[in-house]
Number of protein chains: 2
Amino acid sequence: MNPQSALAPASSDLADLIARTPARHRTATGFVEATLRAAILSGRLSGGTPLRQEDLAAAFGVSRMPVREALRQLEAQALIDFVPHKGAVVTEISAADAADTYAIRLALEPAALALSIPNLTADDLARAADLIADMDGEPDPSRMGELNRRFHMSLYGRAGHPKLLALAESQLAAFDRYLRFHLAAKGPEHLSQEDHRAMLAAAAEGDIGRATDVLRRHIATAADTIARFFAERLSAENPFAAR
Amino acid sequence: MNPQSALAPASSDLADLIARTPARHRTATGFVEATLRAAILSGRLSGGTPLRQEDLAAAFGVSRMPVREALRQLEAQALIDFVPHKGAVVTEISAADAADTYAIRLALEPAALALSIPNLTADDLARAADLIADMDGEPDPSRMGELNRRFHMSLYGRAGHPKLLALAESQLAAFDRYLRFHLAAKGPEHLSQEDHRAMLAAAAEGDIGRATDVLRRHIATAADTIARFFAERLSAENPFAAR
DNA sequence: CAGATGTTGATTGGATCCAATTTTCAGGTA
DNA sequence: TACCTGAAAATTGGATCCAATCAACATCTG
């Protein structure tokens with residue numbers, strides 16, 4: 001998998017990705033940043049892919065400048081690394097990185113949930129229930145990631161600490177990079193919907209202890225699934241996954 | 001406090017700040033980003049200050065381009081907001097924002113400490129002890145912030161999750177924006193050195209429960225101090241602090 | 001034939017220039 | 001006098017251009 005062959009499909013993917021992205025972003029920089037971010041998180045741009053500024057500029061139909069600014073923002077989000085004279089490369093996913101992400105989720109999300117539960121409204125709980133229902137029949141992994149994120153955030157949303165919530169949400173988004181593997185390992189219908197239901201029930205009763213226990217177990221189980229998946233599949237099939 | 005009068009001293013401060021900053025950053029973008037970041041975290045550039053690209057470019061002796069890239073990175077770190085045709089403005093500090101930062105610290109740091117303690121070496125503990133000693137006689141608030149951050153990170157450093165550690169460190173750095181107020185309220189010699197010593201002792205014994213308890217209390221106390229400071233001083237003396 | 005070396009191509013970092021939009025202030029009018 | 005209107009100044013977003021640096025490849029030599 002040399003850079004050339006890796007980039008060619010990525011570029012064509014980008015072209016149609018751009019065509020289907022809603023034109024809600026006013027500035028070119030914001031548009032490029034959001035599109036690239038979505039492409040990386042969804043796995044469309046896989047780890048190690050070099051992103052050359054000129055190619056991106058051509059694909060987006062803009063100059064290199066907004067591309068550069070967007071890349072700087074993605075760098076600040078740890079989604080890419082700047083390698084001098086090589087281009088910005090998408091950071092690799094790995095078992096260790098997944099464990100890292102889960103450790104952060106395990107620290108942040110129970111805290112957010114505990115702060116939020118006392119302030120949850122009936123409306124919040126209804127929306128969360130709706131999202132569980134939506135997830136039940138969702139076959140598309142990237143839609144599933146979005147629904148899963150919205151479900152979790154709907155339960156954390158009343159925590160009252162915007163930065164804490166923003167951090168939790170960005171980690172949930174980072175989790176999307178692994179969701180595809182998770183779904184591949186367990187099948188879409190098994191995305192711990194029992195956990196989601198149990199968490200919602202505990203939250204509805206205002207039982208903070210039980211809700212956070214379920215959440216912690218939920219995250220730990222997911223971490224375990226991914227760790228096993230990496231150990232069993234990727235290391236055998238793809239030697240690059242290990243590094 | 002109109003934008004003009006606020007900017008003038010900030011610009012001159014920047015000029016001498018630049019003169020005293022070590023020239024370790026190779027690229028102009030990295031240099032600008034690090035310098036501005038330090039200026040914001042240390043309070044030299046206070047909340048609400050507009051940062052006009054042209055002024056910054058002139059102050060740094062570079063063109064507007066590296067300034068813009070640096071500002072994008074700071075935006076991704078939530079230190080500034082882009083306001084069209086007004087310039088990038090430094091985000092405001094407030095009691096609510098401080099509480100937010102402390103909530104995040106309370107979630108991340110005990111988790112990092114618990115993961116790290118089993119792997120701490122005698123060397124790590126010795127360095128932590130040295131840092132406590134250094135803090136004892138340090139009058140400069142910004143040096144103090146650096147030492148405090150290094151002390152905490154020396155105890156978390158063996159947690160083995162780079163992203164978790166990076167997140168914890170960035171939150172500790174964000175705390176620097178409030179450290180000045182903390183020191184003003186309690187005096188430099190009272191920066192909870194007893195807590196630091198107790199935490200180090202528990203860590204040295206491998207007592208995770210006690211160490212994390214001390215840490216939680218340490219952070220909660222600091223949060224309390226800041227909250228009271230904002231309530232008692234700033235709201236009375238400076239109506240802008242409330243918003 | 002293997003290894004060192006020089007040259008060329010590719011890629012990024014930075015500077016300058018242009019366009020679009022908003023804010024501000026001066027002037028006129030009810 | 002207060003308010004509305006319009007023009008100019010200021011500021012950012014984006015494009016194009018130039019310089020510096022590094023990687024790869026062909027070539028030359030021992």
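Me: I'm looking at where the two protein chains meet. How many residues does the contact take from chain B and how many from chain A?
Reply: The contact takes 23 residues from chain B and 23 residues from chain A. Keep in mind as we go that this is a predicted model.

Me: How do I read the relation between the chains? What turn lays chain B on chain A?
Reply: Look at the turn, the shift and the fit together. Here a turn of 180° with a shift of 0.0 Å along the axis lays chain B on chain A, and the RMSD is 0.0 Å. That's why we can speak of a two-fold axis. Both copies also use the same surface, since 100% of the contact residues of chain B recur in chain A.

Me: And the size of an interface, how is that often given?
Reply: Often as the accessible area that is lost when the parts come together. In this case, about 2,300 Å² is buried between chain B and chain A. Carbon and sulfur atoms give 61% of that area.

Me: What about charges? How many salt bridges does the rule find across the interface?
Reply: For a salt bridge, you check whether a side-chain nitrogen of Lys or Arg is within 4 Å of a carboxyl oxygen of Asp or Glu. The rule finds 6 of them between chain B and chain A. Try finding A:Glu69 and B:Arg72, which form a salt bridge with their closest N and O atoms 3.0 Å apart. Polar contacts are counted too: there are 12 residue pairs between the two chains, with both residues at pLDDT 80 or more.

Me: Which elements of chain B give two or more residues to the side that touches chain A?
Reply: They are α4 (64-76), α5 (95-116) and α8 (162-186) of chain B. The most comes from α5(B), with 9 residues. If you sort that side of chain B by class, you get 11 nonpolar, 5 polar and 7 charged residues.

Me: Now the DNA. Which residues come nearest to strand D?
Reply: Watch the chain letters here! Of the 17 residues around DNA strand D, the nearest are A:Ala28, A:Ser63, A:His85, B:Arg52 and B:Arg68. Then see which part of the DNA is involved: of the strand D atoms within 4 Å of the protein, 57% belong to sugar or phosphate and the rest to bases.

Me: Which side chains have a polar atom by a phosphate oxygen of strand D?
Reply: Two to look for are A:Thr29, at 3.0 Å, and B:Arg52, at 2.8 Å. In the side chain of B:Gln53, an N or O atom is 3.3 Å from a phosphate oxygen of strand D.

Me: Which element gives the most to the surface near strand D?
Reply: That's α4(B), with 3 residues. By class, the surface near strand D has 7 nonpolar, 7 polar and 3 charged residues.

Me: And strand C, how many residues surround that one?
Reply: There are 18, and the closest are A:Arg52, A:Arg68, B:Ala28, B:Ser63 and B:Met65. Sugar and phosphate make up 56% of the strand C atoms that come within 4 Å of the protein. For phosphate oxygens of strand C, check B:Ser63, with a polar side-chain atom at 2.7 Å, and B:Thr29, with a side-chain N or O atom at 3.0 Å. In the side chain of A:Gln53, an N or O atom is 3.4 Å from a phosphate oxygen of strand C.

Me: Where does the largest share of the surface near strand C come from?
Reply: From α4(A), with 4 residues. The classes near strand C are 7 nonpolar, 7 polar and 4 charged.

Notes
Residues numbered from 1 in each chain as written. Chains lettered and ligands numbered in written order. Predicted model: local features only at pLDDT ≥ 70, side-chain atom pairs only at ≥ 80, totals over all residues. Heavy atoms only, no water. Least-squares fit on C-alpha atoms with pLDDT ≥ 70 in both. Contact = heavy atoms within 4.5 Å. Buried area = accessible area lost by both parts, 1.4 Å probe. Polar contact = N/O pair within 3.5 Å; in protein donor to acceptor, adjacent residues only side chain to side chain. Nonpolar A, V, L, I, M, F, W, Y, C, P; charged D, E, K, R; others polar. Near = heavy atom within 4 Å.
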